[in-house]
Amino acid sequence: MTTSSATSILYSSRPWSFTASLIPLLHLTLLHPSTPILTTTSITLTVLLTQSCSNYTNTYYDYINGVDKNTNKHGDRGIRDGHVTIRSCKIAAIATGITSILIHFLLVSSPPPPPPPP
């Protein structure tokens, strides 16, 4: 049986893999503590959404290309095991990708913050 509840879709984003993106970002934040909180938050959100987009895309194409076989016990088999539908996985990939691009362009197009007073 296939379900596409919010929990299943979130689980299919593979949140346990987010540390691969967040640890380098944490190091960068610690090296540049004067970065405004809004900038740091925007970058963090963009990184998480991009990671989610790539995870959804990977799940989708693994299923389409037949990588997720019933005999394969490893990897993410969200669609094959019925945790998420093909359609909802594709929509999640597109939505997270577009949202991360929009946040990135808003971040890039915003003026830099004024320098701190001496």
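Where in the chain is G82 placed? G82 sits in the loop between α3 and α4. This is a predicted model: local features need pLDDT of at least 70, side-chain atom pairs count only at pLDDT 80 or more, and totals for chains, interfaces and linings use all residues. Residues are numbered from 1 along each chain as its sequence is written, and side-chain values use heavy atoms, with hydrogens and water left out. The protein chain has four helices and zero strands.

**Fold and burial**

- Along the sequence, the protein chain reads α-α-α-α. Helices (H or I, at least four residues) and strands (E, at least two) are DSSP runs, numbered from the N terminus.
- Of the 118 residues in the protein chain, 31% are buried. Buried means under 20% relative accessible area, exposed means over 50%, and partly exposed lies in between (1.4 Å probe, protein chains only).

**The loop between α3 and α4**

- G82 counts as buried because its relative accessibility is 9%.
- G82 and S8 are 74 residues apart in sequence. In space, their C-alpha atoms are 9.3 Å apart.
- V84 is also found in the loop between α3 and α4. Its relative accessible area is 1%, so V84 is buried.
- V84 pairs across the sequence with L10: 74 residues separate them, yet the C-alpha to C-alpha distance is 9.6 Å.

**The loop between α1 and α2**

- R14 lies in the loop between α1 and α2. R14 is buried, at 13% relative accessibility.
- The phi of R14 is near 55°, a positive value in a residue other than glycine. Most residues other than glycine have a negative phi.
- P15 lies in the loop between α1 (6-12) and α2. P15 is partly exposed, with a relative accessible area of 34%.
- P15 and N55 are 40 residues apart in sequence and 9.2 Å apart in space, C-alpha to C-alpha.

**A residue in helix α3**

- N58 belongs to helix α3. At 34% relative accessibility, N58 counts as partly exposed.
- N58 and A93 are 35 residues apart in sequence. Their C-alpha atoms are 9.2 Å apart in space.

**Cysteines**

- How many disulfides does a search of the whole structure find? The search finds zero. A disulfide is a pair of cysteine sulfur atoms within 2.5 Å.
- Why is there no bond at C53? The closest cysteine sulfur, in C89, is 10.0 Å from the sulfur of C53, too far for a bond.
- From the other side, the sulfur of C89 has its closest cysteine sulfur in C53, at 10.0 Å.
- C53 is buried, with a relative accessible area of 18%. C89 is buried too, at 0% relative accessibility.

**Nonpolar surface patch**

- I23, L26 and L30 form a nonpolar patch on the surface. Together they have about 290 Å² of accessible area.
- Patch members have over 30% relative accessible area and no salt bridge; like charges are joined within 9 Å, and nonpolar side chains (Val, Leu, Ile, Met, Phe, Trp, Tyr) within 5 Å. A salt bridge is a side-chain nitrogen of Lys or Arg within 4 Å of a carboxyl oxygen of Asp or Glu.
- Accessible areas come from the Shrake-Rupley method with a 1.4 Å probe; for residues, only the protein chains shown count as cover.
- L26 is placed in helix α2 (residues 19-31). L26 is partly exposed, with a relative accessible area of 44%.

**Largest pocket**

- The largest pocket holds about 220 Å³ of space. A volume is the space filled by probe spheres set on grid points, which are joined across faces, edges and corners.
- The lining of the largest pocket has 11 residues. L38, T39, L107, S110 and P111 lie nearest its centre.
- Two elements, α3 (37-64) and α4 (86-109), give two or more residues to the lining of the largest pocket.
- A pocket is an open set of points on a 1 Å grid over the protein atoms alone, where a 1.4 Å probe fits, with protein on both sides within 12 Å along at least five of seven lines; lining residues have an atom within 4 Å of a point.
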